[in-house]
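Trainee: I have a structure open and a list of terms I want to use properly. Can we go through them one at a time?

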Amino acid sequence: SVNYIGVSPLASTTYYVRAEGCDTTLTATISIIVETLSIDPTGINATIPTVCAGDPTILSIQGGFLGTGADWYWYEGGCGAGTSIGSGNQITVNPTTQTTYYVRAEGTCNTTNCASITILVNDLSTAASAIVPSINNLCPGDISLLSVSGGNLGTNANWEWYSSSCGGTSIGSGSTITVSPVITTTYYVRAEGTCNTTTCVDVTIIVESLSTNPSSINTSSNNICPGSTINLDVIGGTLGAGASYEWYSGSCGGTYAGSGNSISVSPSTTTTYFVRAEGTCNTTNCTSIIITVVPLSTDPTNVSATILSICPGNSSTLTVSGGFLAPNDTYLWYENGCGAGTSIGTSNQITVSPTAQTTYYARAEGACGNTNCASITIDINTLSTDPSSIIASPSSICPGQNATLTVSGGTLGTGANWEWYNGSCGGANIGT
């Protein structure tokens, strides 16, 4: 016999040995421990199978069995050949890209096959770099196209637009929108998706101001003399973007007359002037004013008198005629000089009672000037003086004879004759 035996138990076994012959000895024993094998895991469970980049998910073993001295070992990038990332029944991972994770049992007797799981990673959005408007400055009611520049949309993300503030009043979605603000407005855009919301970028669209109608035109007077100049000034209204006040005559937008808040004009005839604001965004209605060119009087051609030669103390009525007397002008009369003499009255007719030969002058006078004078001279007739006596030759006559009567003393005035009477003074006229 031999003193040993080879065994190959499949499970832990106790072996006994004794000598058996003439007698039987006591028994010796030994236990052979058969270590257990690990069994392949059947799968891996993830609390979140699809995550956002950097977010955690917990991986847990499904099935399998750990043999003697074994534990679960986790890898990424390959089963055992990849990067070891931990051990145990579960681990927490934070993938930033799509990643396959592996797990197997590793122990005293064996290493199992791996189970694996692929964790999908949703993309993060990145913020836009700018908003590009088709028009930065626009008029009320005009349209500007706003477009996102730069940035990337992550998983299930879209560009969301706001006004007033980032995340304020929602005004649309997409990479472009059209806006038509009535006042200057700041617009914001950001990416919003499954995994993140980016910061906003913004752009301010400036809405230019509109001009408002001027309310009136101011001037020192609505009447002007021919050849004179007068200033016209805009009252009220406001100038919008790029606007100025533009002036016209004849009609609104008619003959161009100038630009600015004030212009000087010198019309030759009565003229209506118009002003309006013209600018980038609008042209207002016109405001107008009529400037009347006062007509000039023309020289009178004649002065007539009811009596050209008068006796002292008598009167003559003088009348100016010919020429043209402008409205608001007046005829003024002078004696002994045209305008430089003594003023003696107004109107087209006056009555005079000169005591000596006098020349009278008449002219039209008004706001726009004076005409030349027309004139007339009134003569004064001389008075006769009383005769002192009558001389008869002879002073005594016989019936039927003649006597010559002669005035003695006295003088004859202008146009006077000695008139003879008998019976009484002024009685029967008997000769001249």
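Mentor: Start with the salt bridge: a side-chain nitrogen of Lys or Arg within 4 Å of a carboxyl oxygen of Asp or Glu. This is a predicted model, so local features need pLDDT of at least 70 and side-chain atom pairs count only at pLDDT 80 or more, while totals for chains, interfaces and linings use all residues. Residues are numbered from 1 along each chain as its sequence is written, and side-chain values use heavy atoms, with hydrogens and water left out.

Trainee: What makes arginine 363 and glutamate 365 a salt bridge?

Mentor: Their side chains meet at 2.7 Å, N to O. The limit is 4 Å, so the pair qualifies.

Trainee: How many salt bridges does the structure hold?

Mentor: Five. Among them is arginine 104 with glutamate 106, at 2.8 Å from N to O. Another joins arginine 190 to glutamate 192, with the closest N and O atoms 2.7 Å apart.

Trainee: Are these residues buried or exposed?

Mentor: Buried means under 20% relative accessible area, exposed over 50%, and partly exposed in between (1.4 Å probe, protein chains only). Arginine 104 and glutamate 106 are both buried. Arginine 363 and glutamate 365 are buried too. Glutamate 192 has a relative accessible area of 23%, so it is called partly exposed.

Trainee: How do you know that aspartate 329 has no salt bridge?

Mentor: Look at charges. Lys and Arg count as positive, Asp and Glu as negative; His and the chain ends are not counted. The nearest side chain of opposite charge to aspartate 329 is arginine 363, 10 Å away. The limit is 4 Å, so there is no salt bridge, and aspartate 329 is buried all the same.

Trainee: What does the side chain of aspartate 329 make a polar contact with?

Mentor: The side chain of serine 297, at 2.6 Å. A polar contact is a pair of N or O atoms within 3.5 Å; within protein, one must be able to donate a hydrogen and the other to accept it, and residues adjacent in sequence count only if both atoms are side-chain atoms.

Trainee: Which residues does aspartate 329 touch?

Mentor: Contact means heavy atoms within 4.5 Å. Not counting residues up to four places away in sequence, aspartate 329 touches Ser297, Glu365, Gly366 and Ala367.

Trainee: Where is aspartate 329 found?

Mentor: In the loop between β29 (316-321) and β30. Helices (H or I, at least four residues) and strands (E, at least two) are DSSP runs, numbered from the N terminus.

Trainee: Why do β20 and β23 stand at the edges?

Mentor: Take the sheet order. Five strands form an open sheet, β20-β26-β25-β22-β23, with mixed pairing. β20 (223-224) and β23 (255-259) each have a single partner strand, so one side of each is left without a neighbour in the sheet.

Trainee: What makes β20 and β26 a pair?

Mentor: Two strands pair if DSSP finds at least two bridges between them. Two bridges join β20 to β26 (residues 287-293), so they pair; the two run parallel. Asparagine 223 has threonine 292 as its bridge partner in β26, and isoleucine 224 stands opposite valine 293. On the β25 (residues 271-278) side, five bridges join that strand to β26, running antiparallel. There, phenylalanine 274 stands opposite serine 288.

Trainee: Which side chains of β26 are buried?

Mentor: Thr287, Ile289, Ile291 and Val293, which point to one face. Ser288, Ile290 and Thr292 point to the other face and are not buried.

Trainee: What makes serine 164 stand out by its phi?

Mentor: Most residues other than glycine have a negative phi, and most peptide bonds are trans. Serine 164 has a positive phi of about 80 degrees. It lies in the loop between β14 (158-163) and β15 (169-173). Its relative accessible area is 58%, so it counts as exposed. Asparagine 336 also has a positive phi, near 70 degrees. Asparagine 336 is in the loop between β30 (330-335) and β31 (342-346), and is exposed at 59% relative accessible area.

Trainee: Which residues does a cis peptide bond join?

Mentor: Serine 393 and proline 394, with omega about -10 degrees. Proline 394 lies in the loop between β36 (389-393) and β37 (404-408).
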